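This report concerns empty space and strand pairing in a predicted model. Please have the sequence and the coordinates at hand while reading.

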Amino acid sequence: MTGADIFIAGVGNDGQPYFSDRIGVGFTTPKIDDNQDWILLNSSETNGLTYLKFSRLLDTCDDEDYPITMDTNRLIWAMGSSDAIEYHTSERRGARSISLLGAPTPDINLDQMMYWDMTVDMAMPAQSTIYWCSFHKGPILDYKHHIVAFDAVLDNEMALTHTHHYILYNCYVPAGSNSTADEVFGNYTVDVGHNGNECYGPGSSQIPNQYCKEYLFVWAKGGKMMVFPENVGYPISEGSDAGIHQYYMLEIHYDNVDELSGPSFKTGTRVYYTDNLRPIDAGLMTIGHQVDVSLTVPPNTQDYVVVGHCSPTCTLLLPLAGVTIFNALLHSHLAGRVLRLRHFRGNIELPWIDNEEHYDFDYQQNKHLSTEVRILPGDQITYECTYDSTWKNGSIVSGGMTTIDEMCESFIWYYPKNSFDHCISHTEIRSHMSDFGVTGYRRETSSGIPKYVITAPESLVGDYDDSISFKFNWTSEFQAEYTQKRQFGGHQAFCISEKTGQSITVPNQRYPDNLVEYVPYDRCAKKKNVRAQA
């Protein structure tokens, strides 16, 4: 509770209400604020039920109050057994992350929509982390339809607990193939009894996952229904895809840290669609840092920034009028603390597309933006993830697939739909390894998860994470230089169309030169300055 902005109120035995604005100062009674900014508007107590209605300015300019912003807020609550302000016991308290000011989900009448489910019902593998891929048929539609909403299908508490995230992919037969989609995918779908296999590692050779690379929907822990604006839909069964089965792959990340054996549950997605076409086609794009070991957070470090650039060279491929972003999911794992999706036009930074100043791993949302954002050809988008590795007990945090590894990826929905769907960057692996003095390494797969092993020099031989954590000498001078180089040095950037396989590589991508940074408006700055001078 330390630092928490706390409102305590109730109705006394005499029927009179009481309330106070306080701040948490440790394992003791919360301190009464010097300025009482919370206001009790209404109260009653009947038959053991207490009702309280209270309010406060979003930002009181009081250092003892917590600003209420557009990003995630962490709420804590507790109920006492009497009107005495004393410890409430662990059974009478709780916490929840919520976006108090987020834009509302667009209205939709689901009764007027058709839908189909793509789920897998199976026993969770007894591995701490595994990515499981299953294949699914869509309905045969004779003409173009629009997807208008997605929702998660998680049928019990076990599904909610152990489904970290999932990605739904479009599957395509490669250009020039003589095989049909039915021939390539038809024998692997859940409806014919094939529950899939691991996405990475030996089991992946038994499924056709190499043909499923284009993202369609991403759901992460804590996520809710994603609804499109009323004038926008994602096109399906268009052109040559009409009148035949469309195939999809569901990649589920099961998080089973205790390696439980036996729990069985259903996980998947529900797709709502309509034949009442909307004016505009939507697309999904991934922006961020490539998931690999060039994303390495030094040990015992706070406020380490990782960046992933979507190059102006890539956005030049957009229509002349640009595209409009209407929804964003900012993604990271356990070490993530602050996430920002930044937008540059020339050397001028525009307001952030989206940000999470209080990121919560268990509350990741496809957020409908309160103000849609126009991206023009030649603009640059940079996704920043600020990390804290102190919880790893002296170990680095590296880019990878498990929850104790890291990802720095954002998923944005936009319109009109464009051809490329990944806009990412990284430090080239060989260059990254060279910075640590590594002269030999190999990439291998362990339990379906890609890993790197250092083979030279002798002093660093072994698993990459272990060697760079405990064998490498992280001097303060090296860490300062490394941190500066990774954030501000040149990246190798890519824009990729997973459907067509086309890609563009951009060398030496970094922040714009002579950058004029965006500074969010602070309505309290003048008041705080006057207070400081006093």
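The sections below take up a pocket, then the enclosed cavities, and then a sheet.

## The second largest pocket

In this predicted model, the second largest pocket has a volume of about 1,300 Å³. It is lined by 43 residues, and those closest to its centre are Thr69, Met70, Asp71, Asp354 and Asn355.

By residue class, the lining of the second largest pocket divides into 18 nonpolar, 14 polar and eleven charged residues. At least two lining residues come from each of strand E7 (93-98), strand E14 (226-227), strand E23 (336-345), strand E24 (348-356) and strand E25 (367-375).

## The largest cavity

Rolling a probe the size of a water molecule over the atoms shows where empty space is left. A search of the whole structure finds four cavities of 30 Å³ or more, and the largest cavity holds about 80 Å³ of space. Its lining is made up of Thr72, Ser99, Ala328, Leu329, Leu330, Asp354, Glu356, Tyr359, Tyr363, Gln364, Gln365 and Lys367; these residues divide into five nonpolar, four polar and three charged.

Strand E22 (323-331) and strand E24 each supply at least two residues of the lining of the largest cavity, and E22 gives the most, with three residues. Strand E24 also supplies at least two residues to the lining of the second largest pocket. Asp354, which is among the residues closest to the centre of that pocket, lines the largest cavity as well.

## The second largest cavity

The second largest cavity has a volume of about 70 Å³, and the residues that line it are Glu214, Tyr215, Tyr234, Gly283, Leu284, Tyr414, Lys417, Asn418, Ser419, Phe420 and Asp421. Strand E13 (214-220) and strand E19 (283-289) each contribute at least two residues to this lining, in which five residues are nonpolar, three are polar and three are charged.

## A sheet of three strands

Strands of a sheet pair through backbone hydrogen bonds, either parallel or antiparallel. One open sheet in the model consists of three strands in the order E1-E2-E3, and its pairing is antiparallel. Strand E1 (5-11) and strand E3 (31-32) are the edge strands, each pairing on one side only.

Between E1 and strand E2 (residues 17-23), which run antiparallel, there are seven bridges. Within this sheet, Ile6 has Arg22 of E2 as its bridge partner.

Conventions
Residues are numbered from 1 along each chain as its sequence is written. This is a predicted model: local features need pLDDT of at least 70, side-chain atom pairs count only at pLDDT 80 or more; totals for chains, interfaces and linings use all residues. Side-chain values use heavy atoms; hydrogens and water are left out. On a 1 Å grid over the protein atoms alone, a cavity is a set of points where a 1.4 Å probe fits but cannot get out, and a pocket is an open set with protein on both sides within 12 Å along at least five of seven lines; lining residues have an atom within 4 Å of a point. Grid points are joined across faces, edges and corners, and a volume is the space filled by probe spheres set on the points. Helices (H or I, at least four residues) and strands (E, at least two) are DSSP runs, numbered from the N terminus. Ala, Val, Leu, Ile, Met, Phe, Trp, Tyr, Cys and Pro count as nonpolar, Asp, Glu, Lys and Arg as charged, and the others, Gly among them, as polar. Two strands pair if DSSP finds at least two bridges between them.
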